[in-house]
Amino acid sequence: RRATALAGSTGEGATRDGTKVALLANIGTADDAVNAAAKDLEGSGLFRTEFLFLERDQAPSLEEQTATYTKVFEAFGDRRVVVRTLDAGADKPLSFANLGEEDNPALGRRGLRLGMIREDLLDTQIQALAAAYEKVGGDVRVMAPMVATLDETRYFAEKVRAAGLPKVGVMVEVPAAALRAEQILSIVDFVSIGTNDLSQYTMAADRMQGELAPLLDPWQPAVLQLIKSTCGGGRATGKPVGVCGEAGGDPLLALVLVGLGVSSLSMAPGRVPAVRAALRLHDLATCQQMAAYAVDAGSATAAKEAVMGIVHPNL
Ligand code: PEP
Ligand code: MG
């Protein structure tokens, strides 16, 4: 019922009263980029670059990476592309960057931490992104995964800026980053919340362990409170906060995220029409009321129920 009522919606994302919310696709390959770009959406809010690196004996060359990034940027033209630098390590090991076994891989040398150890890999990737950007132009933004500190943020921002790339950001997927969002945003141009890992690290529950799903629910008020903290940093600095975890593709939760202050939502491309339609049915003030109810709720279930209580009947 919901899907049929909402599937026809097209155009820019916005609430009923016109607050813009960019609706973006999560992609992982150049083919994904071409497919997503053919759809009615505003770009990519998360280009996961891991596929270029995993299951290989050697790192991809500068030339190969440049060619792939060029294809992705060309596919989207003037539309936004947010590229995430390599998020490997730990449970996504690289045979050519053998750092040894770890007892707690999710808490180990992954994401930007790996990039800081194997700086050659990070530097080559940033160089390739800069070369593709120089060729194609467009609205290219580059962000780092698994950032926890201001020092890491500065380290990454300096590299990306020195390469001549126009915009740099970091992911907020560690509670430390959510709590320090204002300071982080005083260094970079934007942040994007990864709700999958933010849930895992907030609730101390392994995202790969299915029976922990109730703890990993992004409706957990503690997770929402950290998203609220991140958006507070956005407001204080006047810089944008996006979401690129799975939560952004849930139409009901998308309303809550927008109410908290998130200005872009990146999701599996097939989810965009339903999220767009949900936004169009609700004013920003209603989203803000939903957000207040959800953050104040005593449980994930209670948060969802409270929001359901004021949702538009057509959703
Ligand atoms: C996330 O953690 O929410 C995220 C978007 O990144 P990934 O799922 O690739 O870890
Ligand atoms: Mg993540």
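**Annotated binding-site residues, ligand shell and core**

The UniProt annotation "binding site", from an unreviewed entry, covers Arg48, Arg84, Asn196, Asp197 and Arg207; UniProt positions are given in the numbering used here, feature names are shortened, and annotations may be inferred rather than shown by experiment. The structure is a predicted model, in which local features need pLDDT of at least 70, side-chain atom pairs count only at pLDDT 80 or more, and totals for chains, interfaces and linings use all residues. Residues are numbered from 1 along each chain as its sequence is written, while chains are lettered from A and ligands numbered from 1 in the order in which they are written.

The chain contains 15 helices and 8 strands, taken as DSSP runs (H or I, at least four residues, for helices; E, at least two, for strands) and numbered from the N terminus. Its C-alpha trace spans about 55 × 40 × 35 Å along the principal axes. The radius of gyration is 19 Å, which agrees with the value near 20 Å for a compact globule of 315 residues; it is taken over C-alpha atoms, and the globule rule is 2.2 Å times the number of residues to the power 0.38.

Ligand 1 is surrounded by Leu46, Arg48, Asp87, Glu173, Gly194, Thr195, Asn196, Asp197, Cys244 and Gly245 (C-beta atom, placed from the backbone, within 6 Å of the ligand). Two or more residues of this shell are given by each of β2 (43–48) and α9 (195–203), and α9 supplies the largest share, 3 residues. By class, the shell holds 2 nonpolar, 4 polar and 4 charged residues (Ala, Val, Leu, Ile, Met, Phe, Trp, Tyr, Cys and Pro nonpolar; Asp, Glu, Lys and Arg charged; the others, Gly among them, polar).

Asp197 is found in helix α9 and is buried, with 21 other C-beta atoms within 10 Å. Arg207 lies in the loop between α9 and α10 (213–216) and is partly exposed, with 16 such atoms within 10 Å. The burial classes are buried at 20 or more other C-beta atoms within 10 Å, exposed at 12 or fewer, and partly exposed in between, with C-beta atoms placed from the backbone. Beyond its neighbours within four places in sequence, Arg207 is in contact (C-beta atoms within 7 Å) with Asn196, Gln200 and Leu216.

Of the 315 residues, 49% count as buried. The largest nonpolar core has 93 residues, of which Val170, Val191, Val256, Leu257 and Leu265 touch the most other members; such a core is a set of buried Ala, Val, Leu, Ile, Met, Phe, Trp, Tyr and Cys residues joined through C-beta atoms within 7 Å.

Technical notes:
Two residues are in contact if their C-beta atoms, placed from the backbone, lie within 7 Å.
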